[in-house]
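User: I am new to this structure and would like to learn how to read its features one by one. Could you take me through them slowly, giving the general idea before each case?

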Amino acid sequence: MRHDGAVPLDPAPRTAPATVAPGPRAILTVTGADRPGVTARLFAALAEGADGVPRVEVVDVEQVVVHGQLVLGVVLGSAPVEGPAGGHTEEAAFLAGLGRLAAGVAAATGVRVDVESAPDRGAGATRAGRPHHVILLGRPVPPGAVAGAATAIAGLGGNIDAIRRLSDYPVTSFELTVSGAEATALRTALGAVAARTGADIAVEQVGLARRSKRLIVLDVDSTLVRGEVIDELAARAGRAAEVARITAAAMNGELDFAESLRARVGTLAGLPVEVLDEVREHLELTPGARTLIRTLQRLGFRCGIVSGGFTQVTDPLAASLGLDFAAANTLEVADGRLTGGLVGEIVDRAGKARALVRFAAEHGIPLEQTVAVGDGANDLDMLNAAGLGIAFNAKPVVREQAHTALNQPYLDAVLQVLGFTRDEVMDAL
């Protein structure tokens with residue numbers, strides 16, 4: 001169709017519809033063994049509008065199947081009566097008509113259908129504050145953790161609006177959608193529950209930001225791989241005990257990382273460079289590391305590592321995993337042996353955070369869309385700079401300051417913190 005000249009967007013004035021007071025509402029709750037056709041039969045009956053059954057409008061629907069048992073909730077409102085008089089069916093007649101319909105559906109399908117009045121929940125009924133996802137993880141999740149979390153949420157004036165299972169392997173995890181609780185108070189209360197019950201509990205705000213993450217940075221030693229590379233090198237130099245003490249103090253935040261790194265590297269002087277190859281060949285990835293990386297890569301994430309270790313080990317590791325970037329320290333080598341020194345910029349606590357910022361900028365990704373995972377005090381600046389910082393089997397000082405903490409032995413549990421279900425992970429592999 002061709003138009004010549006300006007055409008008003010709404011050429012015909014509209015008459016405002018007559019205001020009709022809201023009518024009665026009811027909730028139908030369907031429970032029983034799940035089978036094909038239950039939902040179809042219920043809604044077909046509602047659509048047919050048999051004699052004595054009032055006309056209805058569908059207000060809300062929720063359905064879940066738990067181990068073959070169906071729970072379906074349908075909120076129905078009375079549709080305005082046709083004709084000049086308008087208005088609605090009286091509540092008693094409305095509920096009675098739905099009761100007859102429910103009995104017919106139950107007889108036809110073998111499920112139970114209960115009908116009760118559902119008061120109108122207007123906008124004022126919405127709970128204050130942004131809702132949050134609370135993720136419980138464990139092997140298994142103990143009932144005490146669920147009870148403790150529910151009690152803590154209620155104590156803050158919050159409400160659990162929904163629960164779903166995210167995974168049953170390698171860890172069991174559940175996601176609770178919680179409204180009406182303030183974020184800081186919620187994290188504090190649930191952190192105490194986690195410490196008391198041994199479960200991991202993470203808290204994230206509901207919204208698009210959770211699923212908009214596009215870049216992940218992983219620490220290497222005791223995060224991506226088991227153990228500490230420098231401890232392996234020190235063992236070959238006969239200085240294992242000395243270096244282990246320095247490493248532990250540094251990771252707990254008791255020593256400046258750059259100072260401790262130079263002290264530890266100094267003990268490696270004289271080691272033949274071939275030792276680096278031996279250590280690299282014996283690296284053992286943390287369980288779930290490959291699953292985490294492959295899944296995120298297939299979802300379009302940029303993945304990389306930032307380490308206080310050494311490029312002679314981390315660069316080949318990054319290449320073997322197909323990572324997008326890597327940053328680490330470089331050991332000085334002369335005449336085929338380690339000198340006990342370093343070359344270039346030291347990647348310490350501040351250096352790790354700078355590397356995250358640099359990699360995000362290079363790929364055009366805002367920091368709020370990044371994830372960082374680490375275990376030591378030298379990871380804290382990086383964890384706090386990221387949109388989501390996850391302390392993985394971390395020292396207490398790190399767990400207390402990171403956005404969330406995981407104490408499971410499987411690195412792919414990070415996927416559940418990001419909100420991915422086990423089925424979604426399997427589809428991505």
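**A guided reading**

Analyst: The two end C-alpha atoms of residues 132-204 are 6 Å apart, and this span is 38% helix and 40% strand. The model is a predicted one, and the UniProt record, in an unreviewed entry, places the feature "domain: Phosphoserine phosphatase ACT" at residues 132-204.

User: How should I read a strand, and what covers the two faces of strand S9?

Analyst: A residue counts as buried when its relative accessible area is under 20%. In strand S9, which spans residues 215-218, Leu215 and Val217 on one side are buried, and Ile216 and Leu218 on the other side are buried as well, so that both faces are covered.

User: Which way does S9 run relative to strand S13, parallel or antiparallel, and which residue of S13 stands opposite Leu215?

Analyst: To read a pairing, look at the bridges and at the direction of the two strands. S9 and strand S13 (residues 370-374) run parallel and are joined by 4 bridges, with Thr370 of S13 standing opposite Leu215. S9 is also joined by 4 bridges to strand S10 (residues 302-310), again in a parallel run, and there Leu218 has Ile305 as its bridge partner.

User: What does a helix such as H11 pack against through its buried residues?

Analyst: Begin with the buried residues, then ask what they touch. In helix H11 (residues 311-321) the buried residues are Thr311, Gln312, Val313, Thr314, Leu317, Ala318 and Leu321. These buried residues pack against helix H6 (229-236), helix H9 (274-281), helix H10 (289-298), S10 and strand S11 (325-334). Just after H11 comes Gly322, which takes a positive phi of about 70°.

User: Why does Ser260 count as buried, and which residues does Ser260 touch?

Analyst: Ser260, which has its place in helix H8, counts as buried because its relative accessibility is 2%, and the cut-off for buried is under 20%. Leaving aside residues up to four places away in sequence, Ser260 touches Ile246, Ala250 and Leu255.

User: Now for the empty spaces: how many cavities of 30 Å³ or more does a search of the whole structure find?

Analyst: The search finds 3 cavities of 30 Å³ or more, and the volume of the largest cavity is about 130 Å³. Its lining holds 17 residues, of which Asp221, Glu228, Phe257, Gly308 and Gly309 are the closest to the centre. Helix H8 (257-266) and S10 each supply at least two residues of this lining, and S10 gives the most, with 4 residues. By class, the lining of the largest cavity divides into 5 nonpolar, 5 polar and 7 charged residues.

User: Which residues line the second largest cavity?

Analyst: Tyr169, Pro170, Asp412, Leu415, Gln416, Arg422 and Val425 line the second largest cavity, which holds about 40 Å³ of space. Helix H15 (414-417) and helix H16 (422-428) each supply at least two residues of that lining. The classes in this lining are 4 nonpolar, 1 polar and 2 charged.

User: How do I read the largest pocket, and which element gives the largest share of its lining?

Analyst: Read the volume, then the residues at the centre, then the elements around them. The largest pocket contains about 1,100 Å³ of space, and among the 34 residues that line this pocket, Glu62, Gln63, Val64, Asp161 and Ala162 are the closest to its centre. Two or more lining residues come from each of strand S1 (25-33), strand S2 (56-66), strand S3 (69-78), strand S6 (159-167), strand S7 (172-179) and H16. The largest share, 8 residues, belongs to S2, and the lining as a whole divides into 16 nonpolar, 7 polar and 11 charged residues.

User: Which elements give two or more residues to the lining of the second largest pocket?

Analyst: The second largest pocket has a volume of about 410 Å³, and of the 19 residues that line this pocket, Gly191, Ala194, Ile201, Arg399 and Ala405 are the closest to its centre. The elements that give two or more residues are helix H4 (183-197), strand S8 (200-205), helix H14 (396-401) and strand S15 (404-406), and H4 gives the most, with 5 residues. The lining of the second largest pocket has 10 nonpolar, 5 polar and 4 charged residues.

Notes. Residues numbered from 1 in each chain as written. Predicted model: local features only at pLDDT ≥ 70, side-chain atom pairs only at ≥ 80, totals over all residues. Heavy atoms only, no water. Buried < 20%, exposed > 50% of the residue type's maximum accessible area, 1.4 Å probe, protein only. Pairing = 2+ DSSP bridges. 1 Å grid on protein atoms, 1.4 Å probe; cavity = no way out; pocket = protein on both sides within 12 Å on 5 of 7 lines; lining within 4 Å. Points joined across faces, edges and corners; volume = space filled by probe spheres on them. Nonpolar A, V, L, I, M, F, W, Y, C, P; charged D, E, K, R; others polar. Contact = heavy atoms within 4.5 Å. UniProt positions renumbered as here; feature names shortened; annotations may be inferred.
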